[in-house]
Amino acid sequence: MTATLARNGVAFRFIANLEALLELLDETIPDDRLLKAEALCELGRFEDCVRLLESGFDEPLRCYADRIRQRALARDRTVFRQKRRLQP
């Protein structure tokens, strides 16, 4: 039943999981910083997302950071698919 309860159209369990993920990610690691920014955007914390992305990213992460930033500035919290995969 918990998964069916919703706040602003987003399941409580999903919100709790994203909040827990935020605590695990290390902002000093670019990949983690990017994931954290994406989670913040999905949670509707757009200003925090944009602030986190201001530190800049090297390629290939820059194109993903730019896309997340655009979504945050548009206040769009929807998940989007990347057309290419990041290289490890």
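Let me start at the far end of the chain. R75 lies in the segment after helix 4. Its phi is near 55°, a positive value in a residue other than glycine. Most residues other than glycine have a negative phi. So R75 deserves a look on your screens; keep in mind that this is a predicted model.

Now the overall layout. The chain has four helices and two strands. Along the sequence, the pattern reads β-β-α-α-α-α. Buried residues make up 32% of the 88 residues in the chain. What about contacts across the sequence? Take the contacts between residues at least 6 apart: 41% of them join residues at least 24 apart.

How far can we trust it? The mean pLDDT of the chain is 83. Of its residues, 78% reach 70 or more. Confidence is highest in helix 3, at a mean of 96. It is lowest in strand 1, residues 6-7, at a mean of 54. Over residues 1-5 the pLDDT is below 50. Beyond near neighbours in sequence, that stretch has five contacts in the model. Where pLDDT is low, the predicted coordinates should not be read in detail.

On to the core. The largest nonpolar core has 20 residues. Which residues have the most contacts inside it? They are L34, A37, C49, L53, F57, I68 and A72. Helix 1 (12-24), helix 2 (30-42), helix 3 and helix 4 each supply at least two residues of this core.

Stay with C49 for a moment. C49 is buried, with a relative accessible area of 0%. Set aside its neighbours within four places in sequence. Then C49 is in contact with A37, L40, C41, I68 and A72. Three of those names may ring a bell: A37, I68 and A72 are also on the list of core residues with the most contacts.

One of the partners is another cysteine, C41. C41 is buried too, with a relative accessible area of 5%. Why is there no disulfide between C49 and C41? Because the two sulfurs are 4.7 Å apart, too far for a bond. The cut-off for a disulfide is 2.5 Å. The count for the structure comes to zero disulfides.

Next, F57, another residue on that core list. The charged end of R33 sits over the ring of F57. The distance to the ring centre is 4.5 Å. What about pairs of aromatic rings? The structure holds zero aromatic pairs.

Now a turn in the backbone path to point out. P60 lies in the loop between helix 3 (46-53) and helix 4 (61-73). Is the peptide bond that joins E59 and P60 cis or trans? It is cis, with omega at about 5°. Most peptide bonds are trans.

Last stop, helix 1, which holds L24. Is L24 buried or exposed? L24 is exposed, with a relative accessible area of 70%. That is over the 50% cut-off for exposed, so a leucine here counts as exposed. L24 and K36 are twelve residues apart in sequence. In space they are 9.2 Å apart, C-alpha to C-alpha.

To recap. All four helices supply residues to the largest nonpolar core. C49 and C41 are both buried, yet form no disulfide. Two backbone points to check are the cis bond before P60 and the positive phi of R75. And go lightly on residues 1-5, with pLDDT below 50.

Conventions
Residues are numbered from 1 along each chain as its sequence is written. This is a predicted model: local features need pLDDT of at least 70, side-chain atom pairs count only at pLDDT 80 or more; totals for chains, interfaces and linings use all residues. Side-chain values use heavy atoms; hydrogens and water are left out. pLDDT is the predictor's confidence in each residue, from 0 to 100. Contact means heavy atoms within 4.5 Å. Rings of Phe, Tyr and Trp (its six-membered ring) pair if their centres lie within 6.5 Å; planes under 30 degrees apart count as stacked, over 60 as edge-to-face and the rest as tilted. A charge sits over a ring if NZ of Lys or CZ of Arg is within 6 Å of the ring centre and within 35 degrees of the ring normal. A nonpolar core is a set of buried Ala, Val, Leu, Ile, Met, Phe, Trp, Tyr and Cys residues joined through side-chain atoms within 4.5 Å. Buried means under 20% relative accessible area, exposed over 50%, partly exposed in between (1.4 Å probe, protein chains only).
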